[in-house]
Amino acid sequence: MHGDCIEHSPGNPSGKEAFIEFIAESAFASAGLELARIIADEEYVVVHYRMTVAGEARGTAVVDIFRMVEGKMIEHWDVVQAVPEPEQIPHGMF
């Protein structure tokens with residue numbers, strides 16, 4: 001992770017140390033992650049997964065987008081959506 005990493009997600013801090021501390025103290029640190037896919041090119045890595053925390057039946061669908069420079073994350077975006085009831089998504093989210 002680049003020391004000057006830029007965070008684009010609402011409520012998440014920018015900068016390496018602040019971002020690591022934020023993630024370590026968030027629900028993400030103890031969540032279960034079910035990886036669905038990873039897509040990468042020369043500059044970007046996209047990770048799509050289901051995140052579940054204790055007490056959640058369906059979990060949350062997450063897409064993280066990372067911009068990489070010299071093998072280090074320099075920017076991050078994410079899209080987070082509660083997984084709806086199965087009848088609302090007949091073809092599934094994953």
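Ala, Val, Leu, Ile, Met, Phe, Trp, Tyr, Cys and Pro are counted here as nonpolar, Asp, Glu, Lys and Arg as charged, and the others, including Gly, as polar. On this basis the lining of the largest pocket in the predicted model consists of ten nonpolar, four polar and two charged residues. The pocket encloses about 300 Å³ of space. It is lined by 16 residues, of which Asn-12, Ile-23, Phe-28, Tyr-49 and Asp-78 are the closest to its centre. At least two lining residues come from each of helix 1 (16-25), strand 3 (44-52), strand 4 (60-69) and strand 5 (72-82).

The strands that contribute to the pocket belong to an open sheet of five strands, in which the order is 1-5-4-3-2 and the pairing is mixed. Strand 1 (6-7) and strand 2 stand at the edges; each has a single partner strand, so one side of each lacks a neighbour in the sheet.

Strand 2 (residues 32-40) runs antiparallel to strand 3, and eight bridges join the two. The connection between strand 2 and strand 3 is a hairpin of three residues. Within this pair, Ile-38 has Val-47 of strand 3 as its bridge partner. Strand 3 is also paired with strand 4, again in the antiparallel sense and over eight bridges. Here Tyr-44 is partnered by Arg-67 of strand 4, while Val-47 stands opposite Asp-64 in strand 4. Val-47 is thus placed between Ile-38 on one side and Asp-64 on the other.

Terms used:
Residues numbered from 1 in each chain as written. Predicted model: local features only at pLDDT ≥ 70, side-chain atom pairs only at ≥ 80, totals over all residues. Heavy atoms only, no water. 1 Å grid on protein atoms, 1.4 Å probe; cavity = no way out; pocket = protein on both sides within 12 Å on 5 of 7 lines; lining within 4 Å. Points joined across faces, edges and corners; volume = space filled by probe spheres on them. Helix = DSSP H or I, 4+ residues; strand = E, 2+ residues; numbered from the N terminus. Pairing = 2+ DSSP bridges.
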